[in-house]
Amino acid sequence: MAEFGDLLSALGEFGLYQKLLILLLSLPLLLNPFQMIAQVFMVVEVPHHCDTSWIRAVGPNLTEEEQLNLTLPRGVDGEFEQCSMYSPVDWDLDSIMAYGLNDTQKCSSGWVYPSEQPPSLLTEFDLVCDRAVLNNVSQSIYMAGLLIGATIFGILSDRIGRRPVLLICILIQSVFGLGIAFVPHFYVYTAFRCVVAAAVSGIMITVVSLATEWVGVSYRPKAVLIAHTAFAIGQMTVAGLSYGIRNWRLLEITGSAPMFALFFYIWVLPESARWLVTKGRIEEAKKVLQKAAATNKRSLPPGLLEQLKPEQDVKSGSFLDLFRKKDLRKVTLIMLCVWFADSIVYYGLSLSVTDFGLDIYLTQLAFGAVELPARISCIFLLEWFGRKKVQGILLLLAGLMCLILTGIPEDQPTAITVLAIIGKLTATATFSTSYVYAAELFPTIVRQTGVGLCSTMARVAGILAPLIIPLDQYHRAIPMAIFGSIPVVVSLFCILLPETQGVDLADDTGKDQPPDGEQRLESFSETPGRMTGTLRRMSADAQRASDDWTGTYQ
């Protein structure tokens, strides 16, 4: 489908039609951060102690202070223990006051929280003491949902199209997101969040494909990253909403209900014309292209449209296509490692927001604020330095920030927070770069499958991140050491990736091609016949590059 780049040039590589499309794709991303990080604010630690109301049966007139003194042990700091109590006895009150209680046990009748505390996820489902681990387990299950969504919707999008998958995901996120506000049990809450996560993942990877397939070569980073800035704005909004609404059920309704407003996408969201052509649906592709040209106030030459011919063998990409060809297999394996590293450092920092020592609402606001310059700066960095260098350097910097954090004393919360924010900035930038890079590396027929597989690997890291954070009970440096060392190592792998800056999107897997100039030069040491073939390929590549440059600047 070599003519598709010419069609984009004719209808406008980034005209009004594409700008409106990017706006449409940005709205779901504006709402997604709520589902991803709002739970952090629903489980803020509050004072609590065991429910010892059993003593009221023998001492109904005891004051609260007297009840606590008689039924709760004190720690070395002189404060009441939060997770243990004196074992109930069948004595009368005088005996209890005369002899006291000595045997202790874990809380057996639940916990008591400050009466002025609004209902939170922590207080309503008792996510304290031995049950506190359920919070991290819930976050890991959410990440598992992201993994499931990336796998299912990535493959499904390559089969049935980008548009229907995006619409399905919006519906699922709307219904189950609102349903979370009414769940009666924590396990139901966790299950609903897993379903929502699958939809969130489907939206994120589908947005990337639609954005990259509708714009010209030079506008691909701008299209994806402008849409991603909505995600950063959404993160700042979450901090404000969580600060203003402390009742977790009302907060869930406020953050989830707006997704229903996107149902009008059924009538306005277009399908990817590039995907339609690869599927042999030429007439549908022509209609969409003509509509885009009309919106951009351009006219498509009839002869150019007639060049769109269905291939004799309409190809349908599969998961295995990513590993059949040597070059694509290498790219796939390296990008899987890159996305894993992106995710482990990104979520490691994001989910540790309560551990940095400053107000979590201000910290989250800062975390969201730094994502704006991180994503916007990527637009320019990718154009100035290319994809490969930016990916590797940003990944390295994100890892180094985490490693530096391991050496900062605990009594320096300001320094820790500043370094964490810098780490979040670079982690965000490297994640954004990966979305652009992956969409350019994978051919159209397996693009969504490839990006979905990478996203799946990122979700594996996302599942592990909440489980790594509790390791700080053994040594506070362990989590950040893990979050930092992985991206540092993986950044070295980026050297082996091909550069995609200024290269038109591939549409099928084709044959193995040398990914860069160095490998072409190596082939000169081969037999004369092989060398002649290499020279022919180099000549063809040079001619295509010349044609692309000419088409861009005409």
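Helices here are DSSP runs of at least four residues, numbered from the N terminus. Every view shows a predicted model.

**View 1. Phenylalanine 186 and tyrosine 189 form a stacked pair in helix H9.** The structure holds 18 aromatic pairs. In the pair shown here, the ring centres of phenylalanine 186 and tyrosine 189 lie 5.5 Å apart. The two planes meet at 20 degrees, so the pair counts as stacked. Helix H9 spans residues 186–213. Phenylalanine 186 and tyrosine 189 are 3 residues apart in this helix, so about one helical turn separates them. Are the two residues buried or exposed? Phenylalanine 186 is buried, and so is tyrosine 189.

**View 2. Five aromatic residues gather in one cluster.** The members are Trp339, Tyr346, Tyr347, Phe431 and Tyr435.

**View 3. Arginine side chains sit over aromatic rings.** Arginine 74 places its charged end over the ring of phenylalanine 80. The distance to the centre of that ring is 4.0 Å. Arginine 246 lies over the face of tyrosine 243. Here the distance to the ring centre is 5.0 Å.

**View 4. A nonpolar patch lies on the surface.** Its residues are Leu171, Val175, Phe260, Phe263, Phe264, Ile266, Trp267 and Val268. Together they have about 740 Å² of accessible area. Which helices each supply at least two residues of the patch? They are H8 (162–179) and H12 (265–268). H12 gives the largest share, 3 residues. Phenylalanine 264 belongs to the patch, but its place is the loop between helix H11 (248–256) and H12. Its relative accessibility is 34%, so phenylalanine 264 counts as partly exposed.

**View 5. The loop between H6 and H7 holds aspartate 126 and cysteine 129, each with a positive phi.** Helix H6 covers 121–124 and helix H7 covers 133–160. Aspartate 126 lies in the loop between them. Its phi is about 55 degrees, although aspartate 126 is not a glycine. Cysteine 129 has its place in the loop between H6 and H7 as well. Its phi is near 55 degrees, again positive in a residue other than glycine. How exposed is cysteine 129? With a relative accessible area of 21%, cysteine 129 is partly exposed, because the class of buried residues ends at 20%.

**View 6. Lysine 106 pairs with aspartate 130 of the loop between H6 and H7.** The structure holds 11 salt bridges. In this one, the side chains of lysine 106 and aspartate 130 meet at 3.0 Å, N to O. Lysine 106 belongs to strand E3 (residues 104–106), and aspartate 130 to the loop between H6 and H7. The pair links distant parts of the chain, 24 residues apart. Both lysine 106 and aspartate 130 are exposed.

**View 7. A salt bridge joins glutamate 124 to arginine 249.** The N to O distance between the two side chains is 2.4 Å. Glutamate 124 is in helix H6, arginine 249 in helix H11. They lie 125 residues apart, so this pair also links distant parts of the chain. Glutamate 124 has 33% relative accessibility and therefore counts as partly exposed.

**View 8. Lysine 424 and glutamate 371 form a buried salt bridge.** Side chains of opposite charge can pair when their charged atoms come close. Here the N to O distance is 3.1 Å. Lysine 424 lies in helix H20 (residues 413–441) and glutamate 371 in helix H18 (residues 360–385). The pair therefore ties together parts that are 53 residues apart in sequence. Lysine 424 counts as buried, because its relative accessibility is 0%. Glutamate 371 is also at 0% and counts as buried.

**View 9. Salt bridges link four residues in a network.** The network contains Arg220, Glu383, Arg387 and Glu440.

**View 10. Isoleucine 482 of helix H22 has partners elsewhere in the chain.** Helix H22 runs over residues 478–491. Which residues does isoleucine 482 touch, leaving aside those up to four places away in sequence? They are Ile468 and Leu471. Cysteine 402 is 80 residues away along the chain from isoleucine 482, and their C-alpha atoms are separated by 8.5 Å. At 26% relative accessibility, isoleucine 482 counts as partly exposed.

Methods. Residues numbered from 1 in each chain as written. Predicted model: local features only at pLDDT ≥ 70, side-chain atom pairs only at ≥ 80, totals over all residues. Heavy atoms only, no water. Patch = residues over 30% accessible without salt bridge, like charges linked within 9 Å, V, L, I, M, F, W, Y side chains within 5 Å. Areas by Shrake-Rupley, 256 points an atom, 1.4 Å probe, with all protein chains shown as cover. Buried < 20%, exposed > 50% of the residue type's maximum accessible area, 1.4 Å probe, protein only. Phe/Tyr/Trp six-rings, centres within 6.5 Å; stacked < 30°, edge-to-face > 60°. Lys NZ or Arg CZ within 6 Å of the ring centre and 35° of its normal. Contact = heavy atoms within 4.5 Å.
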